[in-house]
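Reader: Please take me through one part of this model at close range, and then set that part within the chain around it. I would like a connected account rather than a list.

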Amino acid sequence: PVPAEAGQEDDGSRCPLPQARRVFLAPERRAGGAVRRGKRAAPAAADPQPAKLSRAELYKPPTSEELTQLKETEDLFHSSLLRLQIEELLKEVTLKETKKKKIDAFLHEINSLLGAIPETPETELTDQAWLSEDVKVPFLQVPFNVKGRFHFVPPAELKVVGSYLLGTCIRPEINVDIAVTMPREIFQDKDNLNQRYHRKRALYLSHIAQHLSKEKLFGSVKFAYMNSNHLKPILLLRPQGKDEKMVTVRLHACPDPGLFKPSRFYPSKNNVRTAWFMEQSSPKEATEPPTPHYNNSILCDTVMLSHLHLLSNAATDFPGMKDGLALLKVWLNQRQLSKGLGCFSGFLVSMLVAYLLMKRKIVKMMSGYQVLRSTLQFLATTDLSVTGISLAKDADPSLPVLDDFHQAFEVVFVDPSGLVNLCADMTASKYHQVQFEAKRCMEILDDRMVDGFQVLLMTPKPMLRTFDHVFHLKHVSKLQGTCKKMQLLNELMDRGGNYVAAALPFVVSLLARGLSQRAQLVAHSLPQISEWPIDAEPPKHKDIGPLTFGLLFVPEFAASTLEKGPQADHLEALEFRTFWGEKSELRRFQDGSICEAVVWEASTVCQKRLIPEQIIRHLCGLLHVSLLPCAWGTGEEAMVSVVCSYDDLSRKLWNLKELPLTVTAVQGVHPALRYTDVFPPIPVKPIYSFHNRRKHLLLPSEEKPCPAYITPLKIICHMEGSGQWPQDKGAIKRIKAAFHLQLAELLRQQHQLVCRPAVTHTDVYKDGYVFRLQVAYHREPLILKEVVTPEGMLKYQDTEESRQLELETLHLPYLTSSLHGLQQQHPVFGSTSRLAKRWISAQLLSDSISDECVDLLVAFLFLHPAPFTPPSSPQVGFLRFLNLLATFDWKNNPLIVNLNTGLTGEQEIKNKFVAARSRLPVMFLATPKDQWSSMWTRERPSAQILQRLVLLASESRRALEEQLMDPLSDQDVKMVFRPPLDFYDVLIHLNPNQIPRHLESVDRPVKSASRGVVKNSSAMNILFPVVDYDPVQLYLQELRDAFDDLALFFYDKHGGEVIAVLWKPLSFQPQPFKVSSMKGRKVTTLNNELVCVPNVEAILEDFEILGEGLVKSVEARTEKWTI
């Protein structure tokens, strides 16, 4: 079987372009388009040289073809870049000419070997002793006894079918399908019954396998199930040596075309007898149930060649079809839709394109990109589970009609013969997922703000990152019980005993009904069985491993506690009651109606998020379900009460009487006020006996453990402008200090709040929280920018001080209010951001990247979720955060976070970024109010830290996804929150009693010291607690001040018990002796010269001395560094 079109591949598309001008005019050369050659063509491709062109050639008018391509680029693609990207991708995935020649040679050798296999004597089907011990029949022979006789005769003919011949197969997996026609003489009259045909087919392949496995030509000979369908084993052949991965040849045994009468296999006919299947002696039922899937599996084998003819007719003179199919296959692969039982395979999508061509929805003039768009458009708007389609042209009245197919199958797409349903194994749920993806992709392609190419074709969409909740059916074998309970015997017979395939559609429709208001999509993974060696027993039905289900929620209803049913006197009420069982109860609603309803128990936000789990556990009383854990105590309610207290305080500040100037704005800047504080503050009141008292203040006591960490919630109070404000920066600071005193006094008098004023702020104790008020004057940053030149001129330029003040009083409040708004739109934004920050802190990197930067990275996931939908659960948000860190190209792209959709000129930002790349921070974030400076990442992270973050994120994501997709492993999510410490040079172990946030550590300590506070939100007259006191942070600051030039220090601020130290390699190089630079160094001789080297022993001693009482021990990893 020589591939017919293999030689016609290269029709000018690979020739060097004759004119330089053409490169810009026509970036896309179609394989079928004739290329007009210049008079002096460039030399052979092996030795490219610039073409010398005459003036006439340079300024030739463009050809009509080039004009069409220009027009198409303008109308279709958002930019010529998209067109070039698609061309580049097509080059990547298409098969090279040299490989084709090797594959053709391999096929010729297989052809000659298959013809030489000897015949075997005739035996009963059940007598399989003639097969050698080394080969096991690739078929589950249950029940074993079956009538009929079998003997092997060499194949009547061999034909290459499928994508290889059409030139539409794509790398990395090149499969070549060969139809091996079994001769008529091995079949008998009733072989269509009781799996006789299927067993003969399996025996036929077993004998071929037995002979080919002895040949030196093959690197491996294995069995597999075609699309994981147990009734259809195939034989896989791969070449020897280094070419083994190049190609897989799949042998499909099929019958002689005229062997069976088609009318025996209509969807309503029966070909598996109940008595035989149940192993009963006499048939009980007079009427047998139809077996449409069984019939379809036999018919598929009879029409292989006719499908090939249909597709090759469609592909002739249609170069765009080949490109379009390559793009569609990549699109399906990235979405995990193209493999497994009931998948949307490459063959299916090829037939769909042929159907659209027949219906004139696609014409042969179209390019690959247009084929992709038209197909996605058709999928997005057509529901094949409701209105099927057919490729059959002339309506033969005797053939079954579409309605017959709809009764037998969930999804209907009939082939040209009018007999075969190409989507027989697909569930309606899987088709709806394809439809949902197609709709989403059409939106993305029409959105000019999104890089459609990257999102559609280059981003993988595994279930864990796509769906809001994912749960597993651990033991698929339990579905046998489901089949019994749901009385699915007919389906079991039809599917050859495959209880997974029989039960899956029913399980999914049960879930979809129970979650109908909450979930916009209920999807399932495709059952897949990998190939196996020919001497092994064929895999059983349960060998597909756990089945995974994904739920995509409608955010508004996902967490609602009430399931409202029909009115009590309606007919549907009975149906509702039967469905929900004892959960259903009658309730009277505010509008006076009395309805059936189901109420789910949930008090906290976290429990409400898990209502879908309650529903699933209720529906699957018969299934064992394990959901992704969300057992993090979430603290979302605590955050809400902080915000309420803040709102109340801001109202009191607005209405303060007797202030010289009124308060014009009150803006929160603390992360808790934008819902992203990892551990939101809880209202507390100090225990006096635990502290030392001095006048109205409490101080930490030396004898007792360190008091609990009370975080001050920072608020900016903007005062109105007035001519009375001074114009001198020193004077402004004094006026602000006076305001701080006055605010404290007035809050005490008018609202009885306990306050503690200071020069730079006033602390207010309210509802058990401590708020830190800081007065701001809008012209102060401008005054700080004033610089007087030596000539006495006044000019304005940014200073460090003015930048810092602008950040605190302008940018941070704006960011906080924007993110507060984002939280209102997407309720899980805060929780996702908190998980992300907790992870960064757990990796000891929280000092190396700012809180605001992490908040913006997480906001990006919600504002620009393509190709996904915005996350509706914190877990999926966290996985996408790790993926963003790990895969975003920080070096070549700015991350544009379009808060409040305030940005339009994204391309301009990208262009400026490229031009000024070397001067910009390594991680560049652009927002509408900060397009050019990336203020939140200007100082940190450094290039080394970013590199480390990317590495940690990709490892954490891999480990977490592996663990969550394997429900049989122990699901310890905290694993990715435990940092690897073997990377560091020195570890400073701390005394837990002096760590105020010890209870926040990843692995919560079993016992912890009392911290001298009690929960209380109503205390009024109290002594002011100890605020913002964390000895570890103070110790870290001292270490950094003293040893900044020698080492880097890392710490998990949420209760970490260890400070990790990394020596800076440069500081360990011997320096020439200078008296001025002797800090932390000692003098030694090297090659008779005096040099300084770090005095490591003394430095380690200093670590202990500086941290006396806080440091438990210093562990030096001496094997890691030498001086």
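Author:
**A hairpin and its surroundings**

In the hairpin formed by strands E24 and E25, 2 residues lie between the strands, and Asp767 adopts a positive phi near 55°. The model is a predicted one, and what follows should be read with that in mind. The two arms of the hairpin, E24 (residues 762-766) and E25, pair in the antiparallel sense over 5 bridges, and within this ladder Val764 has Phe771 of E25 as its bridge partner.

E25 also pairs with strand E22 (residues 712-719), here in the parallel sense and over 7 bridges; in this pairing Lys714 has Arg772 of E25 as its bridge partner. Strands of a sheet pair through backbone hydrogen bonds, and they may do so either in parallel or in antiparallel fashion.

The burial of E25 deserves equal care, since 8 of the 8 residues of this strand (residues 769-776) are buried. Tyr769, Phe771, Leu773 and Val775 point one way from the strand, while Val770, Arg772, Gln774 and Ala776 point the other way, and all of them are buried. Phe771, the bridge partner of Val764, and Arg772, the bridge partner of Lys714, thus point opposite ways from E25.

The UniProt record, in an unreviewed entry, places the feature "domain: Nrap protein" at several stretches of the chain, among them residues 634-824. Over residues 634-824 the chain is 38% helix and 24% strand, with the end C-alpha atoms 17 Å apart. Another of the stretches in the UniProt record is residues 321-459, over which the chain is 53% helix and 3% strand, with the end C-alpha atoms 23 Å apart.

Pro680 lies in the loop between strand E18 (663-668) and strand E19 (684-686). Pro680 is buried, because its relative accessible area is 12% and the cut-off for burial is under 20%. Leaving aside neighbours within four places in sequence, Pro680 is in contact with Gly635, Ala638, Met639 and Arg834. Pro680 and Ala224 are 456 residues apart in sequence, and their C-alpha atoms are 54 Å apart in space.

Elsewhere in the chain, 6 strands form an open sheet of mixed pairing, in the order E3-E4-E7-E6-E5-E12. Strand E3 (157-161) and strand E12 (532-533) stand at its edges with a single partner strand each, so one side of each has no neighbour in the sheet. Within this sheet, strand E4 (residues 175-182) and strand E7 (residues 248-255) pair in the parallel sense over 8 bridges, with Asn175 standing opposite Thr248 in E7. Helix H10 (residues 304-315) lies across E3, E4 and E7, and runs at about 40° to E3.

A helix pair gives a further point of reference. Helix H20 (residues 499-514) and helix H23 (residues 611-619) pack at an angle of about 135°, with their axes 10 Å apart, and the two helices are therefore oblique to each other. Their crossing is right-handed, and the contact is made by Leu510, Leu511 and Gly514 of H20 together with Ile615, Ile616 and Leu619 of H23. Ile611 is also found in H23, and this residue is buried, with a relative accessible area of 0%. Apart from neighbours within four places in sequence, Ile611 is in contact with Arg518, Ala559, Ser560, Thr561, Trp600 and Ala602; of these, Trp600 is 11 residues away in sequence and 6.9 Å away in space, C-alpha to C-alpha.

Further along the sequence, 4 of the 5 residues of strand E30 (residues 986-990) are buried, so this strand is largely enclosed by the rest of the structure. E30 is joined by 4 bridges to strand E33 (residues 1058-1063), running antiparallel, with His989 opposite Val1058 in E33. E30 is likewise joined by 5 bridges to strand E37 (residues 1111-1116), again antiparallel, and there Val986 has Ala1116 of E37 as its bridge partner.

As for the whole, the chain holds 34 helices and 37 strands, and its C-alpha atoms fill a box of roughly 105 × 90 × 65 Å along the principal axes. Of its 1123 residues, 54% count as buried. Among contacts in the chain with a separation of 6 or more, 71% are accounted for by residues 24 or more positions apart.

Terms used
Residues numbered from 1 in each chain as written. Predicted model: local features only at pLDDT ≥ 70, side-chain atom pairs only at ≥ 80, totals over all residues. Heavy atoms only, no water. Pairing = 2+ DSSP bridges. Contact = heavy atoms within 4.5 Å. Axes fitted to C-alpha atoms, helices over the stretch in contact; angles between N-to-C directions. UniProt positions renumbered as here; feature names shortened; annotations may be inferred. Buried < 20%, exposed > 50% of the residue type's maximum accessible area, 1.4 Å probe, protein only. Parallel < 35°, antiparallel > 145°, perpendicular 65-115°, else oblique. Left-handed = near helix turned anticlockwise from the far one by under 90°.
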